[in-house]
Amino acid sequence: MCGIVGAVAQRNIVPTLVEGLRRLEYRGYDSCGVAVHADGELKRLRSVARVAELNHQVESLSSFLGIAHTRWATHGAPTTANAHPHVSAGPGVPKGGVTRRARVAVVHNGIIENYEGLRDELKSSGYTFESQTDTEVIAHLIDHHYQGDLFEAVQAAVRELEGAYAIAVFCREEPHRVIGARSGSPLVIGVGMNENFLASDALALAGVTDRYIYLEEGDVADLQLGRVWLVDRHGQPVQRTARTLSAFSNAVELGPYRHFMQKEIFEQPRRSPTRWTRRSRWIRCCSAKRPTTSFRASTAS
């Protein structure tokens, strides 16, 4: 599983993003990257080395808003061009060798099954692709729907996606807002005091907050400094319970799951409903028969 971390705060969140990626290194990855809102621009740094190397790259970077990602290559080779975050600068071809200003940045876990058709449609609308990934389709699709409200643009975009996804998004024009959405891949909100966070695993946020909201299937979340707003798969406002968990407890690492085997299985994209229904029954049966084993996360660097 790839790793996602996002944050909106009134302090420099770049160290928090990189530390969150470091905590997710146990999942394995072949590239990593970070995108932030800084000096009125969307700035992005990516690497095919380790998170430690990315940390050196971002030492001079400071921002109140950003997203970060560790990736296992699925579409496209493990190259810098294919590494997340992916961005969109809108339709049109750069002229005179001038790089166009990126407007939307996205990180994504999962697989978009209809990305080829969406890619063709976006190309016909004037969007230029720089990677081989399905994720870049999401960035351009959100930009295509953007009319001044990122939350609405993300909701419109995910209605066109088929497959599994957990995404974190921000826009250059809305510097105090991160949007998250999930379907088939896990995503959790970390609730803070006048700051909020997003991650694919609560372990990434251990030590940052002890209050977590686990998004349900189809949820879209709007994270701002002093509020979290959620809608369900039908676009209706909904409330999800915030759970208070100890920073390094099993509950933080496992979320709603009883043990790590159950967590890993349920976090996989749901490709076959029948197969997963049978698998889920088997897991529940095994969980009832076997005692839960306790684990503790290592905090070693």
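User: Which residues of α1 are buried?

Analyst: Val14, Thr16, Leu17, Val18, Gly20, Leu21 and Arg23. Buried means under 20% relative accessible area, exposed over 50% and partly exposed in between, using a 1.4 Å probe and protein chains only. Helices (H or I, at least four residues) and strands (E, at least two) are DSSP runs, numbered from the N terminus. This is a predicted model: local features need pLDDT (the predictor's confidence in each residue, from 0 to 100) of at least 70, side-chain atom pairs count only at pLDDT 80 or more, and totals for chains, interfaces and linings use all residues. Residues are numbered from 1 along each chain as its sequence is written, and side-chain values use heavy atoms, leaving out hydrogens and water.

User: Why is α1 called largely enclosed?

Analyst: Helix α1 spans residues 14-23, and 7 of its 10 residues are buried, so the rest of the structure largely encloses the helix. The cover includes β1 (3-8), β2 (31-38), α2 (51-57), β4 (65-71) and β10 (196-199). Contact here means heavy atoms within 4.5 Å.

User: What makes β5 and β13 edge strands?

Analyst: β5 (86-88) and β13 (228-231) each pair on one side only. They belong to an open sheet of 6 strands, in the order β5-β6-β7-β8-β12-β13, with antiparallel pairing. The twist averages 20 degrees from one strand to the next.

User: How do you know that β12 and β13 pair?

Analyst: Two strands pair if DSSP finds at least two bridges between them. β12 (residues 220-223) and β13 are joined by 4 bridges and run antiparallel, so the test is met. Leu223 has Val228 of β13 as its bridge partner.

User: What does α4 touch in the sheet, and at what angle to β6?

Analyst: Helix α4 (residues 135-145) packs on the sheet and touches β5, β6 (104-109) and β7 (165-171). Its direction makes about 140 degrees with that of β6. Axes are lines fitted to C-alpha atoms, for helices over the stretch in contact, and angles run from 0 to 180 degrees between N-to-C directions.

User: Why is α4 described as mostly covered?

Analyst: 9 of its 11 residues are buried. Among them are Val137, Ile138 and Leu141. They pack against β5, β6, α3 (115-124), α5 and β7.

User: What makes α5 largely enclosed?

Analyst: 8 of the 9 residues of α5 are buried, so the rest of the structure largely encloses this helix. Leu150, Phe151 and Val154 are among the buried residues. The helix (residues 150-158) lies across β7, β8 (174-183), β12 and β13, at about 25 degrees to β8.

User: Why does Ser88 count as buried?

Analyst: Its relative accessible area is 1%, so it falls in the buried class. Ser88 sits in strand β5. Its contacts beyond four places in sequence include Val104, Tyr127 and Ala139. Its side chain reaches the backbone nitrogen of Gly90 at 3.3 Å.

User: Why is the pair of Arg101 and Glu41 called a polar contact?

Analyst: Their side chains come to 3.1 Å. A polar contact is a pair of N or O atoms within 3.5 Å; within protein, one must be able to donate a hydrogen and the other to accept it, and residues adjacent in sequence count only if both atoms are side-chain atoms. Arg101, in the loop between β5 and β6, is partly exposed at 46% relative accessible area.

User: What makes Glu195 and Arg11 a salt bridge?

Analyst: A salt bridge is a side-chain nitrogen of Lys or Arg within 4 Å of a carboxyl oxygen of Asp or Glu. Here the N to O distance is 2.8 Å, so the pair qualifies. The partners are 184 residues apart: Glu195 is in the loop between β9 (188-191) and β10, Arg11 in the loop between β1 and α1. Glu195 is buried at 12%, whereas Arg11 is partly exposed at 34%. By this rule the count comes to 15 salt bridges.

User: Why does the salt bridge of Glu217 and Arg182 tie together separate parts of the chain?

Analyst: Glu217 lies in the loop between β11 (211-214) and β12, and Arg182 in strand β8, so the link spans 35 residues in sequence. The closest N and O atoms are 2.7 Å apart. Glu217 is partly exposed at 32%, and Arg182 is buried at 14%.

User: How confident is the prediction, and where is the pLDDT below 50?

Analyst: The pLDDT averages 85, and 78% of the residues score at least 70. Over residues 270-301 the pLDDT is below 50.
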